[in-house]
Amino acid sequence: EVPAHSGWGFGNPDVVACPLWDVGDINHGDIQALKINSNATYTFLTEFLTERRTLFPPEASAHWHMGGDEMFAECLDQQPGLKPWMATHNISDYNALQQYFTKRLRTDVLPKLRPQPPIVVWEQNSGLAIADSSIGAEDIGQVYGGDASGIVKIVRGGRAATFSPDAWYLPGTSDATDWESVYAYEPNSTAVAASMAPTDWAKVYGGEFCFWGEHTSDSNLET
């Protein structure tokens with residue numbers, strides 16, 4: 001999960017944009033972003049991901065989920081010298097900064113892995129135009145929530161997509177009625193989805209159910 005949710009504040013603080021920062025929510029505490037403007041960040045990612053490639057060969061892990069969500073401005077605002085650097089490089093805002101990061105990930109880090117893995121990124125939080133040059137032809141945009149309009153944008157841009165609708169976020173399941181709604185939900189039931197052609201759906205690889213350990217209960221433990 002990069003550049004946010006990096007978790008390197010203790011192990012490698014030199015590549016982290018802000019010190020440990022807590023937004024006061026158990027679901028978002030201690031979120032840190034990497035220093036996007038530092039060459040040391042990309043050197044570190046190359047070394048780390050090269051080791052990961054040896055542990056998880058292509059046959060065990062075809063796509064790598066690189067994330068891209070929840071890069072909070074409150075963290076980046078704490079990095080000394082970042083905004084002057086952005087002005088010098090004509091980077092207008094933090095969305096554009098994240099797009100810069102993803103492009104460098106694609107050009108400076110991933111090509112050094114053998115073989116180079118295609119990646120998955122969150123569509124709505126990545127600051128990216130999914131169909132632009134920062135996203136490879138084999139990469140996947142993962143859509144969170146909503147009415148599938150994000151899927152339309154991705155597949156009609158020539159990329160593949162996966163869908164994580166609100167109905168499939170398992171922390172909300174607390175009784176049998178909730179589970180019935182989970183199983184009853186059909187991703188193609190929205191008006192936007194109904195407008196998609198069979199050729200669009202052919203680029204949708206499937207869906208993902210999401211779950212966090214801190215929400216474990218008797219009703220969802222065995223999911």
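Which residues does Thr-41 touch, not counting residues up to four places away in sequence? In this predicted model, the residues that Thr-41 touches under that restriction are Val-15, Leu-34 and Lys-35. Thr-41 belongs to helix H1, which covers residues 39-55, and a polar atom of the Thr-41 side chain lies 2.7 Å from the backbone oxygen of Lys-35, so that Lys-35 appears both in the list of touched residues and as the partner in this polar pair, which falls within the 3.5 Å cut-off for a polar contact.

A second residue to consider is Cys-210, which is placed in the segment after strand E5. The C-alpha atom of Cys-210 is separated by 9.4 Å from that of Asp-166, and these two residues are 44 residues apart along the chain. Thr-41 and Cys-210 both count as buried, because their relative accessible areas, listed below, fall under 20%.

| Residue | Location | Relative accessible area |
|---|---|---|
| Thr-41 | helix H1 | 0% |
| Cys-210 | segment after E5 | 8% |

The strands form an open sheet of five members in the order E1-E2-E3-E4-E5, and their pairing is parallel. Strand E1 (64-67) and strand E5 (204-207) stand at the edges with a single partner strand each, which means that one side of each has no neighbour in the sheet. On average, and with direction ignored, neighbouring strands of this sheet are turned by 25 degrees against each other. At the E1 edge, three bridges join E1 to the parallel strand E2, residues 119-122, and His-65 stands opposite Val-120 in E2.

Conventions. Residues numbered from 1 in each chain as written. Predicted model: local features only at pLDDT ≥ 70, side-chain atom pairs only at ≥ 80, totals over all residues. Heavy atoms only, no water. Pairing = 2+ DSSP bridges. Helix = DSSP H or I, 4+ residues; strand = E, 2+ residues; numbered from the N terminus. Axes fitted to C-alpha atoms, helices over the stretch in contact; angles between N-to-C directions. Buried < 20%, exposed > 50% of the residue type's maximum accessible area, 1.4 Å probe, protein only. Polar contact = N/O pair within 3.5 Å; in protein donor to acceptor, adjacent residues only side chain to side chain. Contact = heavy atoms within 4.5 Å.
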